Amino acid sequence: MKIWVAMITILLAVTGICVYDGIHTKNVFEHMQSESNIISTALIDGTEITNDALSERIQNLTDYWTDNMDMLCLSISRKDMQPISDYLQYLNSAIINESQEDAITYSLLLDYNIQGLTQSTGISILNLF
């Protein structure tokens, strides 16, 4: 009887961690998708990379990603998340270099990679088969 109590406790703990991780991952990627979409749309629409509000938004997104990346490593490989980190750093260097074309390119690549990682890690019929 004691073994069943221990097994059920472990099962509930593992299930709780999995549910929490799934919800956290979903929330992080929803935020990342919305912010990267706003950034890429603003750049395509002609907002200059030197715009303080846009630069701050990019920096805030970089900080958000850095803060949440360690927790996401429970379920996603760092190797899979590395392109997002790279493109965020490229966007930051585009701000420093004041390169509008690079900023547009990297913001679109960032948005594309976030969408791809969201689709590959999310719960969907395609991922179940």
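**Exercise 1. How many salt bridges does the count come to by the rule that a side-chain nitrogen of Lys or Arg lies within 4 Å of a carboxyl oxygen of Asp or Glu?**

Solution. Before counting, note that this is a predicted model, in which local features need pLDDT of at least 70 and side-chain atom pairs count only at pLDDT 80 or more, while totals for chains, interfaces and linings use all residues. Residues are numbered from 1 along each chain as its sequence is written, and side-chain values use heavy atoms, with hydrogens and water left out.

Step 1. By this rule the count comes to three salt bridges.

Step 2. One of them joins the side chains of Glu 30 and Lys 26, with N and O 2.9 Å apart. Glu 30 and Lys 26 are separated by about one helical turn because they stand four residues apart in helix H1, where helices (H or I, at least four residues) are DSSP runs numbered from the N terminus.

Step 3. The side chains of Arg 57 and Glu 35 also meet in a salt bridge, at 2.7 Å from N to O. This pair links distant parts of the chain, since Arg 57 belongs to helix H2 and Glu 35 to helix H1, 22 residues apart.

Step 4. Arg 78 forms a salt bridge with Asp 70, and the closest N and O atoms of this pair are 2.7 Å apart.

**Exercise 2. Decide whether Glu 35, Arg 57, Glu 30 and Arg 78 are buried, partly exposed or exposed.**

Solution. Step 1. Recall the cut-offs: buried means under 20% relative accessible area, exposed means over 50%, and partly exposed lies in between (1.4 Å probe, protein chains only).

Step 2. Glu 35 has a relative accessible area of 14%, and therefore it is buried. Its partner Arg 57 has 33% relative accessibility, so Arg 57 counts as partly exposed.

Step 3. Glu 30, at 40% relative accessibility, counts as partly exposed, and Arg 78, at 44%, counts as partly exposed.

**Exercise 3. Compare the reach of helices H1 and H2 with the expected span, which is 1.5 Å times one less than the number of residues, and find what covers their buried residues.**

Solution. Step 1. H1 has 43 residues and reaches 63 Å from its first C-alpha to its last, which is close to the 63 Å expected.

Step 2. H2, which runs over residues 52-72, has 21 residues and reaches 30 Å between its first and last C-alpha, close to the 30 Å expected.

Step 3. The buried residues of H1 include His 24, Phe 29, Met 32 and Ser 40, and what covers the buried residues of H1 includes H2, H3 and H4. Among the buried residues of H2 are Leu 61, Thr 62 and Trp 65, and their cover includes H1, helix H3 (78-97) and H4.

Step 4. At the N-terminal end of H2, Asn 51 acts as a cap, with a side-chain oxygen 2.8 Å from the backbone nitrogen of Ala 53, which fits the rule for a polar contact (a pair of N or O atoms within 3.5 Å; within protein, one must be able to donate a hydrogen and the other to accept it, and residues adjacent in sequence count only if both atoms are side-chain atoms).

**Exercise 4. Which residues does Leu 88 touch, not counting residues up to four places away in sequence?**

Solution. Step 1. Leu 88 lies in helix H3 and, because its relative accessibility is 0%, counts as buried.

Step 2. With contact meaning heavy atoms within 4.5 Å, Leu 88 touches Met 32, Leu 61, Thr 62, Trp 65 and Leu 110, when residues up to four places away in sequence are not counted.

Step 3. The C-alpha atoms of Leu 88 and Gln 59 are separated by 8.5 Å, although these residues are 29 residues apart along the chain.

**Exercise 5. Describe the phi angle and the surroundings of Glu 98.**

Solution. Step 1. Most residues other than glycine have a negative phi.

Step 2. Glu 98 is not a glycine, yet it has a positive phi of about 55 degrees.

Step 3. Glu 98 sits in the loop between H3 and H4 and, because its relative accessible area is 57%, is exposed.

Methods: Helices (H or I, at least four residues) and strands (E, at least two) are DSSP runs, numbered from the N terminus.
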